[in-house]
Amino acid sequence: MVNDDGTAKASQGPEAASARAAGGGKAGTRRRGRPRSFDRETALEKALLAFWEHGYEATSVSDLTRVMDIGAPSLYAAFGDKRSLFDEVVRVYGTRYGSFTDRALAEEPTARDAVERTLREAATAYTEPGHPHGCLVVHAAANCSNPEVEQSLRDRRNANIAAFESRIRADVAAGVLPQATDAAALARHTGAMIQGMSQQARDGASREELEAVAEIALSIWPRTGTRTG
């Protein structure tokens, strides 16, 4: 059939209606489509493992979308940009994998006890199967060109050293450690041991080998033979 001007008139038959419905359905689906749903916590854990294994700089957005099994729009909508995602990853890592230092400092009666527990638990945590070895906070900024990321991780490492120093000073004041103890140097030695053990774990050291390192590190701690409380 044709219109008065000679152009083809749209068919009104059932076949044409079906065709229009099919074509319009596709277009309508595209307009009404939603991003594929995903489990946010599962995706976040996958991002955590990627950053832990490869570091911040070497983990691209395309790497993240691949391992998280989501599209870039979903990543940005759920987590913000790469930096925001990394900040959340670091917070989750601190709670899920890196909290043993905080627990040791809070629960052990002396600074030496806290350091001993921290080093022994680090030897286990840094070599556990099922996730990358070592510590994300130590390694994630390797070869990083983002100064803000570098600084945020540096601040976290320095905060641990400051916490050890505070406990050591408290033990000096209580007479648990000698008055001549260099609290700052002893705390920094502890930080160096933790970071070194992390790198050794990345290089393939076993839990037993790291525990032996921890034993030597503890042997240099000064003692007065007196404990209060």
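In this predicted model, the buried residues of helix α2 pack against a whole list of other helices: α3, α4, α5, α8 (136-139), α9 (147-174) and α10 (183-202). That makes α2 a handy place to start a tour.

**Helix α2 and its bend**

Which residues of α2 are buried? They are Ala43, Leu44, Glu45, Ala47, Leu48, Ala50, Phe51, Trp52, Gly55 and Tyr56. At the N-terminal end of α2 sits a cap, Asp39, which has a side-chain oxygen 3.3 Å from the backbone nitrogen of Glu41.

Look along α2 and you'll find a kink of about 80°, centred on Trp52. Now check the span of the helix: α2 covers only 23 Å between its end C-alpha atoms, while a straight helix of 19 residues would span 27 Å at 1.5 Å a residue.

One name in that buried set is a glutamate. Glu45 belongs to helix α2 and counts as buried because its relative accessibility is 18%, under the 20% cut-off. What does its side chain meet? The side chain of Glu45 makes a polar contact, at 2.3 Å, with the side chain of Arg96. Setting aside neighbours within four places in sequence, Glu45 is in contact with Arg96 and Tyr97.

**Zooming out to the whole chain**

Time for a step back. The chain has eleven helices and zero strands. Of its 229 residues, 38% count as buried. Take the contacts between residues at least 6 apart in sequence: 69% of them join residues at least 24 apart.

**The nonpolar core**

In soluble globular proteins, nonpolar side chains tend to be buried together. Here, the largest nonpolar core has 56 residues, and those that touch the most other members are Met68, Leu85, Phe86, Leu119, Tyr126, Leu136 and Ile168. Helix α2 (residues 40-58) supplies the largest share of this core, with eight residues.

Phe86 is a good one to click on. Leaving out residues up to four places away in sequence, Phe86 touches Phe51, Tyr56, Leu136, Ala140, Val149 and Leu153. Two of these names, Phe51 and Tyr56, are also among the buried residues of α2.

**Helix α3, one side in**

Next comes α3 (residues 61-68), where Leu64, Thr65 and Met68 are buried. Why do they end up on the same side of α3? Because they cover an arc of only 95° around the axis. The general pattern behind this is simple: an α-helix has 3.6 residues a turn, so residues three or four places apart point the same way. The cover over the buried residues of α3 includes α2, α4 (72-79) and α5 (82-96).

**Two loop residues with positive phi**

Most residues other than glycine have a negative phi. Two loop residues in this model go the other way. Asp69 comes just after α3, and its accessibility of 47% counts as partly exposed. Asn143 counts as exposed, at 74% relative accessibility. Here they are side by side:

| Residue | Loop | Phi | Relative accessibility |
|---|---|---|---|
| Asp69 | between α3 and α4 | near 60° | 47% |
| Asn143 | between α8 and α9 | about 55° | 74% |

**Two acidic residues in α9**

Helix α9 holds both Glu165 and Asp171. Start with Glu165: which side chain does it make a polar contact with? That of Arg169, at 2.7 Å. Apart from neighbours within four places in sequence, Glu165 is in contact with Ala183, Ala184 and Ala187.

Is Asp171 buried or exposed? Asp171 is buried, since its relative accessible area is 6% and the cut-off is under 20%. How far apart in space are Asp171 and Thr110? They are 6.7 Å apart, C-alpha to C-alpha, although 61 residues separate them in sequence. Not counting residues up to four places away in sequence, Asp171 touches Thr110, Ala111, Arg112, Val176 and Leu177.

**Back to the start**

To retrace the route, try turning the model so that Trp52, where the kink in α2 is centred, faces you. From there, look for α3, α4, α5, α8, α9 and α10, against which the buried residues of α2 pack.

Methods:
Residues are numbered from 1 along each chain as its sequence is written. This is a predicted model: local features need pLDDT of at least 70, side-chain atom pairs count only at pLDDT 80 or more; totals for chains, interfaces and linings use all residues. Side-chain values use heavy atoms; hydrogens and water are left out. A nonpolar core is a set of buried Ala, Val, Leu, Ile, Met, Phe, Trp, Tyr and Cys residues joined through side-chain atoms within 4.5 Å. Buried means under 20% relative accessible area, exposed over 50%, partly exposed in between (1.4 Å probe, protein chains only). Helices (H or I, at least four residues) and strands (E, at least two) are DSSP runs, numbered from the N terminus. Contact means heavy atoms within 4.5 Å. The arc is that of the directions from the helix axis to the C-beta atoms. The expected span of a helix is 1.5 Å times one less than its number of residues. The bend at a residue is the angle between axes fitted to the seven residues ending there and the seven starting there. A polar contact is a pair of N or O atoms within 3.5 Å; within protein, one must be able to donate a hydrogen and the other to accept it, and residues adjacent in sequence count only if both atoms are side-chain atoms.
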